[in-house]
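Reader: Please take a close look at one part of the model shown below, starting from the whole and then going into detail.

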Amino acid sequence: MKAFYGCTFIIACFFAVVNAHAEANIQPNLEMIADNLKFENAEQFIKLGFEDKAMQELHEYLEIFPHGNHRSEAFTRLAGIYSSEYQYERAVEMMLRHFEEFSTSEAGVEAYFHAGMMYRKMGYESEAEAIFNRIIKEYPASAYSSKASVQLQLAAIMK
């Protein structure tokens, strides 16, 4: 009889471990699905031309998913929408947030470069030059280092 209870206990423990493992695997998958769906909603609104709804979805995405798979893209999309609506300050804000969060990636450096270009477009030459100089100094291996150098050369010619 003790063997029966021992076997039953071992089987119950086995199923408890399997069930806990299965629940642990389901949770990340649901989070990943929710992450993808939220971002895809924003993408669909962009395709349909509903930029206001897309911006709302993207801002919610950035708030809800602090470690989401599409954060870099969300910052890029928001900056693009703000820029197309001539809200350059908001576009720069998104680019700088993108850079702050992804400063070790090429996408982050690209966002920082575009922030410099946007500053130049708004007439803030000193801010643009500071960004371009920082890219050259801190990210010399980046493709945007040479582009930043060209921008500084153009600024020198135009002075």
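Reader: What percentage of the 159 residues in the protein is buried, and at what angle do helix 4 and helix 5 pack?

Author: This is a predicted model, in which local features need pLDDT of at least 70 and side-chain atom pairs pLDDT 80 or more, while totals for chains, interfaces and linings use all residues. Residues are numbered from 1 along each chain as its sequence is written, and side-chain values use heavy atoms, without hydrogens or water.

Of the 159 residues, 33% are buried (under 20% relative accessible area, 1.4 Å probe, protein chains only). The protein has seven helices and zero strands (DSSP runs of H or I with at least four residues, or of E with at least two, numbered from the N terminus).

Helix 4 spans residues 88-101 and helix 5 residues 106-122. Their axes, lines fitted to C-alpha atoms over the stretch in contact, lie 8 Å apart at an angle of about 155°, on a scale from 0 to 180 degrees between N-to-C directions. The pair is therefore roughly antiparallel (over 145 degrees). The crossing is left-handed: the near helix is turned anticlockwise from the far one by less than a right angle.

On the helix 4 side, the residues in contact (heavy atoms within 4.5 Å) include Tyr-88, Val-92, Met-95 and Phe-99. Helix 5 contributes, among others, Gly-108, Ala-111, Tyr-112, Ala-115 and Met-122. By class, this contact has 14 nonpolar, three polar and two charged residues; Ala, Val, Leu, Ile, Met, Phe, Trp, Tyr, Cys and Pro count as nonpolar, Asp, Glu, Lys and Arg as charged, and the others, Gly among them, as polar.

Notes
Angles under 35 degrees count as roughly parallel, over 145 as roughly antiparallel, 65 to 115 as roughly perpendicular and the rest as oblique. Buried means under 20% relative accessible area, exposed over 50%, partly exposed in between (1.4 Å probe, protein chains only).
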